[in-house]
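Visitor: I am new to this structure. Could you show it to me and take my questions one at a time?

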Amino acid sequence: MTPPPAAGAPRAAAPARFKAACPDCRTRCELPAASLRLVIGASARTTFYAFTCPRCAGAVRKPAGRRIVELLTGGGVRTLRLHTGQNAQLRPVPGPR
């Protein structure tokens, strides 16, 4: 049995979960970071996140603006950078590794 944490001791953060919706079956769900993938392209048009709908198993791909990129990277979502040049418009905050 593990003793309770001492008063004032930091608590472990709960794993990040993200709300998402499937455009095909219209299911709304909460997904863990491991169920999402973020792809950062050279522009906002080529930056998106993707997941598999837990209800219909459809592949879902949605655009990701700057705020979404920050939330997903901060929440531990795996990221694939397709473009790393100086002209990249989106520069997310590095997330946990």
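Guide: Start with the hairpin. β1 and β2 form one, with six residues between them. Strands here, like helices, are DSSP runs numbered from the N terminus (E, at least two residues, for strands; H or I, at least four, for helices). This is a predicted model: local features need pLDDT of at least 70, side-chain atom pairs count only at pLDDT 80 or more, and totals for chains, interfaces and linings use all residues. Residues are numbered from 1 along each chain as its sequence is written, and side-chain values use heavy atoms, with hydrogens and water left out.

Visitor: Which residue in the turn of that hairpin has a positive phi?
Guide: The turn belongs to the hairpin of β1 and β2. Its phi is about 65 degrees at one residue, R26.

Visitor: How many bridges join β1 to β2?
Guide: Strands of a sheet pair through backbone hydrogen bonds, either parallel or antiparallel. Two strands count as paired if DSSP finds at least two bridges between them. β1 covers residues 17-21 and runs antiparallel to β2. The bridges joining them number five.

Visitor: Which residue of β2 is the bridge partner of A21?
Guide: Two positions help to line up the hairpin. K19 stands opposite E30 in β2. For A21, the bridge partner is R28.

Visitor: Which side chains of β2 point to the buried face?
Guide: Buried means under 20% relative accessible area, exposed means over 50%, and partly exposed lies in between (1.4 Å probe, protein chains only). Side chains alternate along β2, residues 28-32. R28, E30 and P32 point to one face and are not buried. The buried face has C29 and L31.

Visitor: With which residue does E30 form a salt bridge?
Guide: A salt bridge needs a side-chain nitrogen of Lys or Arg within 4 Å of a carboxyl oxygen of Asp or Glu. For E30 the N to O distance is 3.7 Å. The partner lies 13 residues away, in strand β1. It is R17.

Visitor: How many salt bridges does the whole structure hold?
Guide: Side chains of opposite charge can pair when their charged atoms come close. Besides E30 and R17, the side chains of E70 and R67 meet at 3.7 Å, N to O. E70 and R67 both lie in helix α1, three residues apart, about one turn of the helix. A search of the whole structure finds two.

Visitor: Is R67 buried or exposed?
Guide: Its salt-bridge partner E70 is partly exposed, at 28% relative accessible area. R67 stands at 54%, so R67 counts as exposed.

Visitor: In what order do the strands of the open sheet lie?
Guide: Four strands form this sheet, with mixed pairing. β5 (59-63) and β6 (78-81) each have a single partner strand, so one side of each is left without a neighbour in the sheet. β3 and β6 pair in the parallel sense over four bridges. The order is β5-β4-β3-β6.

Visitor: At what angle does α1 run to β3?
Guide: Axes are lines fitted to C-alpha atoms, for helices over the stretch in contact, and angles run from 0 to 180 degrees between N-to-C directions. α1 lies across β3, β4 and β6. Its angle to β3 is about 130 degrees.

Visitor: How many residues has the largest nonpolar core?
Guide: Such a core is a set of buried Ala, Val, Leu, Ile, Met, Phe, Trp, Tyr and Cys residues joined through side-chain atoms within 4.5 Å. L36, L38, Y49, F51, L72 and V77 have the most contacts inside it. β1, β2, β3, β4 and α1 each supply at least two of its residues. The core has 17 residues.

Visitor: How many disulfides are there?
Guide: A disulfide here is a pair of cysteine sulfur atoms within 2.5 Å. The nearest cysteine sulfur to C25 is that of C53, 3.6 Å away. C56 has its closest cysteine sulfur in C53 too, at 3.7 Å, too far for a bond. The count is zero.

Visitor: Where is C53 found?
Guide: C53 is buried, with a relative accessible area of 2%. Contact means heavy atoms within 4.5 Å, and beyond its neighbours within four places in sequence C53 is in contact with C22, C25, T27, G58 and V60. C53 is in the loop between β4 and β5.
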